Amino acid sequence: MDVLVTGRHCQIPDEFRARVEEKIAAIEKLKDRVIRVEVQVSVYGHKREPDQSTRVEITLRSKGPVVRAEASADDKAVAFDHALDRLKSQLRRASDRRKTHRGLRGTSPEVEVAGVAAVTEEVRPEIRKIAGLEIQGDGPLVVREKHFDAVPLTLAQALDEMELVGHDFFLYVDAESGAPSAVYRRKAYDYGVIHLDMEEAEQASA
């Protein structure tokens, strides 16, 4: 397992690098077939929020889904420990979900299915454009934009990937229907799933 530690706006001391490699070794017990672990340390120097000035993001690369967790603190070692704890928690939660929902096919009693029609909103004239969004007046100062390949997934696979990236929702293309879909966390280990009916949307726009 390769461990890559990089710094953004900061230097990475050898002691910190050695500490990361030592603690990351425990991940192999929780996640099989990990090929590479990427640890990125970013220092922003927030004057208003000094306790959030350093962010550490940990990414696991393997033959399966990507696993990612991040945390912020005033010290890189503290931020790393928090991010590692979150990563371990996500791996354990995903493992527990697979045990609890083993054999999941289609819709289970714990999955709420809802059809959502396309909604068209009136857009007012805008002033600024940030990451493809037109913003008028006070809007988001930072927009994080990501693009992913739309690989068809089963519902069980989508739930696994949502747990592994530590999000409360996950967008995917349903392998059975080909419909754009989203799974989301409800309460405890209950989940919901939304499927978009593209045929009805196309007929409505025709």
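Salt bridges, then. The count comes to six in this structure, which is a predicted model. I will go through three of them.

Start with Asp81. Its side chain meets that of Arg19 in a salt bridge, at 2.8 Å from N to O. Asp81 sits in helix α3 and Arg19 in helix α1, residues 14-24, so this contact ties together parts of the chain that are 62 residues apart in sequence. As for exposure, Arg19 has a relative accessibility of 26%, so Arg19 counts as partly exposed.

The second one also involves Asp81. Here the partner is Lys23, and the N to O distance is 3.1 Å. Lys23 is in helix α1 and Asp81 is in helix α3, so again parts distant in sequence are tied together, by 58 residues in this case. Lys23 is partly exposed, because its relative accessible area is 31%, and the range for that class runs from 20% to 50%.

The third is between Glu38 and Arg61, at 3.4 Å, N to O. Glu38 belongs to strand β2, residues 34-43, and Arg61 to strand β3, residues 54-62, so the pair connects parts 23 residues apart in sequence. Arg61 is partly exposed, with a relative accessible area of 29%. Back to the shared partners: Arg19, Lys23 and Asp81 are joined into one network by their salt bridges.

Next, aromatic contacts. How many aromatic pairs does the count come to? One. Phe16 and Phe80 form this pair, in an edge-to-face arrangement, with 6.1 Å from centre to centre and 75° between the planes. The pair links distant parts of the chain, since Phe16 is in helix α1 and Phe80 in helix α3, 64 residues apart. So helices α1 and α3 are linked by this ring pair, and also by the salt bridge of Asp81 with Arg19 and that of Lys23 with Asp81.

Are the two rings' residues buried or exposed? Phe16 is buried, at 6% relative accessible area. Phe80 is buried too, and its value is 0%. The cut-off that puts them in this class is under 20%.

Last, the surface. Which residues form the negative patch? Glu49, Asp51, Asp74 and Asp75 do. Take Asp74 as one of these. Asp74 is located in the loop between β4, residues 67-73, and α3, residues 76-100. With a relative accessibility of 56%, Asp74 counts as exposed, because that class begins over 50%.

Definitions and conventions:
Residues numbered from 1 in each chain as written. Predicted model: local features only at pLDDT ≥ 70, side-chain atom pairs only at ≥ 80, totals over all residues. Heavy atoms only, no water. Patch = residues over 30% accessible without salt bridge, like charges linked within 9 Å, V, L, I, M, F, W, Y side chains within 5 Å. Areas by Shrake-Rupley, 256 points an atom, 1.4 Å probe, with all protein chains shown as cover. Salt bridge = Lys/Arg side-chain N within 4 Å of Asp/Glu carboxyl O. Lys, Arg positive; Asp, Glu negative; His and termini not counted. Charge placed at Lys NZ, Arg CZ, Asp CG, Glu CD. Helix = DSSP H or I, 4+ residues; strand = E, 2+ residues; numbered from the N terminus. Buried < 20%, exposed > 50% of the residue type's maximum accessible area, 1.4 Å probe, protein only. Phe/Tyr/Trp six-rings, centres within 6.5 Å; stacked < 30°, edge-to-face > 60°.
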